[in-house]
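Q: I should like to learn how the features of a protein model are read, beginning with its secondary structure. Could the structure be shown?

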Amino acid sequence: MGLFSLLFIQVTFHFRTQLCDDERTVIDDSKAVGTPMEIVIGNMFKLDIWETLLSSMRIGEVAEFWCDIVHTGVYPLVSKSMRRIAEGKDPVDWHIHTCGMANMFAYHSLGYEDLDELMKEPKPLYFVLELLKVQQPSEYDRESWALSDEERLKAVPVLHGQGNKLYKQGRYQEATQKYKEAIICIKNVQTKEKAWEVPWMKLEKMANTLTLNYCQCLLRMEEYYEVIEHTTDIINQHPGIVKAYYLRGKAHVEVWNEAEARQDFSRVLDLNPGMKKAVKKELAILNMRMEEKNEEDKLKYKGMF
């Protein structure tokens, strides 16, 4: 067991990410930016392999890890957010101020050429991590970690309700925070239950419902790849959840993944034929999107030949 095995311990560290090529090309380096990274263990950080690696280290240690694509596939999304923060921008507002044609092509791009390449073709990566500081919960702002299990479970429906209200008001960013807090409460309690037994499964069902609500907000915020990531996680664990396929299908439509979208909507109808009308509407949107894209591609390549 590493130096810290409990959830909600904050770690501060420097990281360098490199390709596994002959030059060991550096993708990101927090020392070059000048600001170390901070994450809270167990707080739904997208790149969960970092939590595992950091949990095996001691303060002051510098360690290098080689990670396969099964662990590095989401790295471009994480890197985009970190670069946006380093540039002093909101990590989720990158799409809001683009419009028209620029917005259409933004779905294809993370805004950084090297990350787009990695997104298209995930690769194994080297992570060089330097653990600088470990803070116990009492040493930083106390949030949901400070509650007892009973208080956590009582907080879940309250947070859920607040999230739903904010969603209806179109305040999607704020709604995601409420859903995330509720999920964290559930996951904390769930770690004390035995996996796949009845109490654990009840909590899992609650967490999945909240995660799908979270994904609905992300769809509205145009964070399509993140929706695909979260819904795929749910589908891999629980292949019978209709809403997960439906939301993933909608996200695939937005990034022009035609075959994947059709496959997901077909699965929706297999699981719930009553959703025929909703699926028909989504397929009509998909057909329109693909026609628009084909027209744009024709115009784009017309001058090349």
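A: Helices and strands are DSSP runs, with at least four residues for a helix and at least two for a strand, numbered from the N terminus. The model shown is predicted. Its chain has 13 helices and five strands.

Q: How many residues does the chain have, and what percentage of them count as buried?

A: A residue is buried when its relative accessible area is under 20%. The chain has 305 residues, and 45% of them meet that criterion. As for the surface, the chain exposes about 16,700 Å², of which carbon and sulfur atoms supply 53%.

Q: What share of the contacts with a separation of 6 or more joins residues 24 or more positions apart?

A: Contact here means heavy atoms within 4.5 Å. Residues 24 or more positions apart account for 69% of the contacts in the chain with a separation of 6 or more.

Q: Which residues of the largest nonpolar core touch the most other members?

A: A nonpolar core joins buried residues of certain types through side-chain atoms within 4.5 Å. In this model the largest such core has 42 residues, and Leu210 and Val268 touch the most other members. At least two residues come from each of α7 (149-168), α8 (172-190), α9 (198-220), α10 (224-237), α11 (242-254), α12 (258-271) and α13 (276-302). Helix α9 supplies the largest share, nine residues. In terms of domains, at least three residues are drawn from each of domain 2 (147-221) and domain 3 (232-298).

Q: Which residues are in contact with Leu210, leaving aside its neighbours within four places in sequence?

A: With those neighbours set aside, Leu210 is in contact with Val156, His160, Tyr179, Ala182, Ile183 and Ile186. There is also a second, separate core of 32 residues, which includes Ile9, Phe65, Leu77 and Tyr112.

Q: Where does UniProt place the feature "repeat: TPR"?

A: An annotation of this kind may be inferred rather than shown by experiment. The unreviewed UniProt entry places "repeat: TPR" at residues 242-275. In the model, this span is 79% helix and 0% strand, and its end C-alpha atoms lie 10 Å apart.

Q: How many disulfides does the model have, and why is Cys67 not bonded to Cys20?

A: A disulfide requires two cysteine sulfur atoms within 2.5 Å. By this rule there are zero disulfides. Cys67 is not bonded to Cys20 because their sulfur atoms are 9.0 Å apart, too far for a bond, although the sulfur of Cys20 is the closest cysteine sulfur to that of Cys67. Cys67 is buried, with a relative accessible area of 4%. Cys217 is likewise in no disulfide, the nearest cysteine sulfur, in Cys215, being 9.1 Å away. Cys217 is buried, at 0% relative accessibility.

Q: Which sign does the phi of Trp196 have, positive or negative?

A: Most residues other than glycine have a negative phi. Trp196 has a positive phi, near 70°. This residue lies in the loop between α8 and α9, and Trp196 is partly exposed, with a relative accessible area of 47%. Glu222, also not a glycine, has a positive phi of about 65°. The position of Glu222 is in the loop between α9 and α10.

Q: How far apart are Asp68 and Tyr126 in sequence and in space?

A: Sequence separation and spatial distance are read side by side. Asp68 and Tyr126 are 58 residues apart in sequence, and their C-alpha atoms are 9.1 Å apart in space. Asp68 is in the loop between β4 (62-67) and α3 (69-72), and Asp68 is partly exposed, at 34% relative accessible area.

Q: Where is Met119, and what are its contacts beyond four places in sequence?

A: Met119 is in helix α6 (residues 113-120). Its relative accessibility of 23% makes Met119 partly exposed. Leaving aside neighbours within four places in sequence, Met119 is in contact with Pro76, Leu77, Leu110 and Tyr225. Met119 and Gly73 are 46 residues apart in sequence, with a C-alpha to C-alpha distance of 7.3 Å.

Technical notes: Residues numbered from 1 in each chain as written. Predicted model: local features only at pLDDT ≥ 70, side-chain atom pairs only at ≥ 80, totals over all residues. Heavy atoms only, no water. Buried < 20%, exposed > 50% of the residue type's maximum accessible area, 1.4 Å probe, protein only. Domains from an automatic or database assignment. Areas by Shrake-Rupley, 256 points an atom, 1.4 Å probe, with all protein chains shown as cover.
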